[in-house]
Amino acid sequence: IWKQWDSWLENEKIMPLNACVNFIFNENLIDSVVVGVDSEDHLDEIYRSIKHSSDAFPISLNSDDEFLVNPVNWDKLGKND
């Protein structure tokens, strides 16, 4: 799944954060979002991504793997998993 994600980002010439923000704003089932940050710069980066959102997101790329989709597990994941 990481190879598909990286390939899609490269083809679309889009940064990962922008792709994630785009997904949020183009998903009708999402009514609100909680965002965690670790610095003011991180918050500014997210805000800039929101201001420049578009409809680009990988609609065909998805997973129902609980380990992958739950943010609690992300620090345990390697790019090769």
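# Close-up views of a four-helix chain

**View 1. Ser49, at a relative accessible area of 4%, is buried.** The structure shown in this and the following views is a predicted model. Ser49 counts as buried because its relative accessible area of 4% falls under the 20% cut-off. This serine belongs to helix H3, which spans residues 40-51. When residues up to four places away in sequence are not counted, Ser49 touches Leu17, Asn18 and Val21. Confidence can be judged by element here, for H3 has the highest mean pLDDT among the elements of the chain, at 89, whereas helix H4 (residues 66-69) has the lowest, at 82.

**View 2. Leu17 of helix H2 is in contact with residues that include Ser49.** Seen from the side of Leu17, and leaving aside its neighbours within four places in sequence, the contacts are Glu45, Ile46 and Ser49. Leu17 and Glu45 stand 28 residues apart in sequence, yet their C-alpha atoms are 8.6 Å apart in space. Leu17 counts as partly exposed, because its relative accessibility of 25% lies between the 20% and 50% cut-offs. Ser49, by contrast, is buried.

**View 3. The largest nonpolar core of the chain is made up of seven residues.** Its members are Trp5, Trp8, Leu9, Ile14, Ala19, Ala56 and Leu61. Helix H1, which covers residues 2-12, gives this core its largest share, namely three residues. Such a grouping can be set beside a general tendency: in soluble globular proteins, nonpolar side chains tend to be buried together. For Leu9, once its neighbours within four places in sequence are left aside, the contacts are Ile14, Met15, Pro16 and Ala19, and of these contacts Ile14 and Ala19 also belong to the core.

**View 4. Helix H1 has a buried side and, turned away from it, a face that carries exposed residues.** Trp5, Trp8 and Leu9 are the buried residues in question. Viewed down the axis of H1, the buried residues fall within an arc of 100 degrees, and they therefore line one face of the helix. The face turned away from this buried side carries the exposed residues Lys3, Gln4, Glu10 and Asn11. Helix H2, residues 16-26, is included in what covers the buried residues of H1.

**View 5. Trp5 and Trp8 form the one aromatic pair that the structure holds.** The pair is stacked, with 6.1 Å from centre to centre and 20 degrees between the planes. The arrangement counts as stacked because the 20 degrees between the planes is under the 30 degrees set as the limit. Trp5 and Trp8 are three residues apart in helix H1, so about one helical turn separates them. Trp5 counts as buried at 16% relative accessibility, and Trp8 likewise counts as buried at 15%. Both tryptophans also appear in the largest nonpolar core.

**View 6. Lys13, just after H1, takes a positive phi of about 55 degrees.** This lysine is placed in the loop between H1 and H2. Its phi is a positive value in a residue other than glycine. Most residues other than glycine have a negative phi, which is why a positive value is worth pointing out in a close-up. With a relative accessible area of 74%, Lys13 is exposed, because this value is over the 50% cut-off.

**View 7. Leu29 lies in the loop between H2 and H3 and is exposed.** The relative accessible area of Leu29 is 75%, and Leu29 is counted as exposed because this is over 50%. Leu29 and Lys76 are separated by 47 residues in sequence and, from C-alpha to C-alpha, by 28 Å in space.

**View 8. The chain as a whole, shown to place the close-ups, has four helices and zero strands.** From the N terminus on, its elements run α-α-α-α. The C-alpha atoms fill a box of roughly 30 × 25 × 25 Å, taken along the principal axes. Of the 81 residues, 21% count as buried, while the chain exposes about 6700 Å², of which carbon and sulfur atoms supply 53%. Among contacts in the chain with a separation of 6 or more, 61% are accounted for by residues 24 or more positions apart. The pLDDT averages 83 over the chain, and 94% of the residues score at least 70.

Methods: Residues are numbered from 1 along each chain as its sequence is written. This is a predicted model: local features need pLDDT of at least 70, side-chain atom pairs count only at pLDDT 80 or more; totals for chains, interfaces and linings use all residues. Side-chain values use heavy atoms; hydrogens and water are left out. Helices (H or I, at least four residues) and strands (E, at least two) are DSSP runs, numbered from the N terminus. Buried means under 20% relative accessible area, exposed over 50%, partly exposed in between (1.4 Å probe, protein chains only). Contact means heavy atoms within 4.5 Å. pLDDT is the predictor's confidence in each residue, from 0 to 100. A nonpolar core is a set of buried Ala, Val, Leu, Ile, Met, Phe, Trp, Tyr and Cys residues joined through side-chain atoms within 4.5 Å. The arc is that of the directions from the helix axis to the C-beta atoms. Rings of Phe, Tyr and Trp (its six-membered ring) pair if their centres lie within 6.5 Å; planes under 30 degrees apart count as stacked, over 60 as edge-to-face and the rest as tilted. Accessible areas come from the Shrake-Rupley method with a 1.4 Å probe; for residues, only the protein chains shown count as cover.
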